Amino acid sequence: HYAPNQLLVVDVDWSSDSQDVVFQVQDREQTWLDLNIASVDTGQVTRVLREETEAWVNVNGPPTWLEDGSFFWFSERSGWKHLYHYRQDGTLIRQVTDGKWEMRQLLGLDEQGGWLYFSGTERSHIGNDIYRVRLDGSELTRLSVARGTHRAQFSPSFTHYVDTWSDIVTPSQVRLHTIDGAETRVIDANAVSALGEFRLSQPEFLQLPNRDNFVMEAMMIRPPDFDPSK
């Protein structure tokens, strides 16, 4: 039971069999988040799990259901956003991904093939790469090659994906890849002739420690005619 003045319903979804409503509740300070299941027939509510922190609990979307009724769940409990596998009753099966990086988005679940596809920051905290990993957390593989920012859309049959890539000096380019990451076709090279007509500065990436020695990412862009003596 929740007090009326403490309740925030932050996400509502259906269970895998559509027999239950799955909803998430937070306190107004957002220091905890409950994942609940409510029976459509009886209205009985069961709390599946609770996320707690002294700081702030983000809402990371609804569970991703598997055919056996278990589900994948995003959590930042370690300080990094990663994926966890739970039974429907809230029993933790395993943490699927781990490390000092974050899984940003779950892009596809190929349960028959046994793969999860996602975007993340394992290679670079300021970039975005495409990865796949087995459902049990093994065989983590980076599919994207070029450094920068990748956005992927997967075919329903998980045979191919379209990758939209850019970096700090390259406008977005679109390519088709097979499911193992191999490039098969350039869909849009997006050549921008104007980039060759102007003298542009080359951005420089930096890392600077803050007062607590936490490394902060930074970027410097000098004027094209920069004179360090001035």
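I began with phenylalanine 71, and I found that this residue stands opposite tyrosine 86 in β7. The model I am reading is a predicted one, and I keep that in mind for every entry below.

**Entry on the four-stranded sheet.** I followed the pairing outward from there and noted that strand β6, residues 71-75, runs antiparallel to strand β7, residues 82-86, with five bridges between the two. I then looked up the sheet to which these strands belong, and it is an open one of four strands, in the order β5-β6-β7-β8, with antiparallel pairing. Its edge strands are β5 (64-65) and β8 (92-95), each of which pairs on one side only.

**Entry on the hairpin of β1 and β2.** I turned to strand β1, residues 8-14, which pairs with strand β2, residues 20-26, in the antiparallel sense over six bridges. Within this pair I looked for the partner of tryptophan 14, and I found it to be valine 21 in β2. The two strands make a hairpin with five residues between them, and in the turn serine 18 has a positive phi of about 60°.

**Entry on leucine 7.** I looked next at leucine 7, which sits in the segment before β1. With a relative accessibility of 32%, leucine 7 counts as partly exposed. Leaving aside residues up to four places away in sequence, I listed its contacts as Tyr2, Val25, Gln26 and Arg28. I also checked leucine 7 against aspartate 68, 61 residues away along the chain, and their C-alpha atoms are separated by 31 Å.

**Entry on positive phi angles.** Which phi values did I look up here, given that most residues other than glycine have a negative phi? Phenylalanine 158 is not a glycine, yet its phi is positive, at about 55°. I placed phenylalanine 158 in the loop between β13 (149-154) and β14 (160-167), and its relative accessible area of 16% makes it buried. Asparagine 190 also has a positive phi, near 50°, and I found it in the loop between β16 (183-188) and β17 (204-209). Is asparagine 190 buried or partly exposed? I noted that asparagine 190 counts as partly exposed, because its relative accessibility is 29%.

**Entry on threonine 170.** I located threonine 170 in strand β15, which covers residues 170-178. Threonine 170 counts as buried, because its relative accessibility is 16% and the cut-off for buried is under 20%. I then looked at its side chain, which is joined to the side chain of aspartate 167 by a polar contact of 2.7 Å.

**Entry on proline 209.** I found proline 209 in strand β17, where it is exposed, with a relative accessible area of 56%. Not counting residues up to four places away in sequence, proline 209 touches Phe214 and Val215. I compared its position with that of aspartate 89, and the two are 120 residues apart in sequence and 43 Å apart in space, C-alpha to C-alpha.

**Entry on a nonpolar surface patch.** Last, I looked up isoleucine 221, which is in the segment after β18 (215-220) and is exposed, with a relative accessible area of 54%. I asked which residues form a nonpolar patch on the surface with Ile221, and I wrote down Ile126, Ile168, Val169, Phe205 and Met219. Together with Ile221, these residues have about 550 Å² of accessible area.

Conventions
Residues numbered from 1 in each chain as written. Predicted model: local features only at pLDDT ≥ 70, side-chain atom pairs only at ≥ 80, totals over all residues. Heavy atoms only, no water. Patch = residues over 30% accessible without salt bridge, like charges linked within 9 Å, V, L, I, M, F, W, Y side chains within 5 Å. Areas by Shrake-Rupley, 256 points an atom, 1.4 Å probe, with all protein chains shown as cover. Salt bridge = Lys/Arg side-chain N within 4 Å of Asp/Glu carboxyl O. Buried < 20%, exposed > 50% of the residue type's maximum accessible area, 1.4 Å probe, protein only. Pairing = 2+ DSSP bridges. Polar contact = N/O pair within 3.5 Å; in protein donor to acceptor, adjacent residues only side chain to side chain. Contact = heavy atoms within 4.5 Å.
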